[in-house]
Amino acid sequence: MPFDVRRFDIYRKVPKDLTQPTYTGAFISILCCVFILFLFLSELTGFIATEIVNELYVDDPDKDSGGKIDVSLNISLPNLHCDLVGLDIQDEMGRHEVGHIDNSMKIPLNQGEGCRFEGEFTVNKVPGNFHVSTHGATAQPQSPDMTHNIHKLAFGEKLQVQKVQGAFNALGGANRLSSNPLASHDYILKIVPTVYEDLSGRRRFSYQYTVANKEYVAYSHTGRIIPAIWFRYDLSPITVKYTERRQPFYRFITTICAIVGGTFTVAGIIDSCIFTASEAWKKIQIGKMS
């Protein structure tokens, strides 16, 4: 007797003349297909979309930066002339720079009565400060007005990722226009290194920060009031890493198979129960009539 490979068929076919279509079965089949399509599209959307996974660890992520952090500052002082506005930088490594002017720009405001300072500079990865003041001016004003509005203060690369919500520009929009004109302002910043890695493996390095502030009147040794806007910073040893990921293809296929198989199985059980109950009801009715 020749070997018949069909004996290994676990999906045996039932002849059509031994099956019976019903309206209930057709209705359940249509609902089943619609439900499968809905779940399939939902899973496909989730597979195409990416997710952001974050983690914390102790490290200096941007080791190629040479120990520097890029800073971008944009601040308006509506009642202080541009000739008087300056940026000073100092830190614990001994850096002390008065009147920093590289990559900076001063834009007159209020017909020259005020000034908007925009600057990009670097600071060392050690505790320090940078401050906007009149310290570098040739002639010191009698009563400098340090009321201000901070448009932007950001560190590192700019991250334009919708799913990442962080304090990358925590001081953006800070308004101190109603403060005491002769008051100094201290902004104490805790900078947190942040890494974003996209699907291609490209890494971008930025920094988030928290901020606390205080306002006070400071006097020099001669008794003069010398207000300034101080940004005192320190770095956190904790790094935040955001990794962009996509669901693996094998998991997507597994989920689709589970959806299709599970839906057909449940639909078959429901249809079988309805058909059995219907047949039993018919027999009861025939028994009553007889």
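Strands β2 and β8 run antiparallel and are joined by 6 bridges, where strands (DSSP E runs of at least two residues) and helices (H or I runs of at least four residues) are numbered from the N terminus, and two strands are said to pair if DSSP finds at least two bridges between them. Within this pairing, S72 stands opposite A154 in β8. The model is predicted, so that local features need pLDDT of at least 70 and side-chain atom pairs count only at pLDDT 80 or more, while totals for chains, interfaces and linings use all residues. Residues are numbered from 1 along each chain as its sequence is written, and side-chain values use heavy atoms, with hydrogens and water left out.

β2 also pairs with β6, in the antiparallel sense and over 10 bridges; one position in this pairing is I69, whose bridge partner in β6 is V123. Of the 10 residues of β2, 8 are buried, which leaves the strand mostly covered; here buried means under 20% relative accessible area, exposed means over 50%, and partly exposed lies in between, with a 1.4 Å probe and protein chains only.

From β8 the pairing can be followed further, to β11, with which β8 forms 2 bridges in the antiparallel sense, and G156 stands opposite S206 in β11. β11 in turn pairs with β10, again antiparallel, over 14 bridges, with V195 opposite F205 in β11. β10 and β11 form a hairpin with 5 residues between them, and in the turn G201 has a positive phi of about 90°.

The packing of side chains can be read alongside these pairings. The largest nonpolar core has 33 residues, and F130, L153, F155 and F231 are those with the most contacts inside it; such a core is a set of buried Ala, Val, Leu, Ile, Met, Phe, Trp, Tyr and Cys residues joined through side-chain atoms within 4.5 Å. Two or more residues of this core come from each of β2 (68-77), β3 (86-91), β6 (114-124), β7 (128-133), β8 (149-156), β10 (184-197), β11 (203-216) and β12 (229-235). The largest share, 5 residues, is given by β2. Apart from this core lies another, of 8 residues, with V164, F168, V240 and Y242 among them. L153 shows how the surroundings of a single core residue are made up: leaving aside neighbours within four places in sequence, L153 is in contact (heavy atoms within 4.5 Å) with V71, S72, L73, F130, F168, N169, L171, L189, Y209 and F231.

Three further residues illustrate different degrees of cover. N149 belongs to strand β8 and is buried, with a relative accessible area of 18%; not counting residues up to four places away in sequence, N149 touches I75, S76, G173, A174, N175 and L177. I226 sits in the loop between β11 and β12 and counts as partly exposed, at 36% relative accessibility, and with the same exclusion of residues up to four places away, its contacts are S184, A218, Y219 and S220. Q165, found in the loop between β8 and β9 (174-175), is exposed, with a relative accessible area of 68%.

The overall form of the protein comes next. There are 2 helices and 13 strands, and the protein is divided into domain 1 (23-51 + 247-279) and domain 2 (59-237), with bounds that come from an automatic or database domain assignment. The C-alpha centres of the two domains lie 57 Å apart. The C-alpha atoms fill a box of roughly 120 × 55 × 30 Å along the principal axes, and the radius of gyration is 35 Å, whereas a compact globule of 290 residues would have one near 19 Å; this radius is taken over C-alpha atoms, and the globule rule is 2.2 Å times the number of residues to the power 0.38. Individual C-alpha separations add to this picture: I226 and E279, 53 residues apart along the chain, are separated by 97 Å, and Q165 and T22, 143 residues apart in sequence, are 55 Å apart in space.

Across the protein, 36% of the 290 residues count as buried. The protein exposes about 18100 Å², of which carbon and sulfur atoms supply 59%, with accessible areas from the Shrake-Rupley method and a 1.4 Å probe, where for residues only the protein chains shown count as cover. Of the contacts with a separation of 6 or more, 80% are accounted for by residues 24 or more positions apart.
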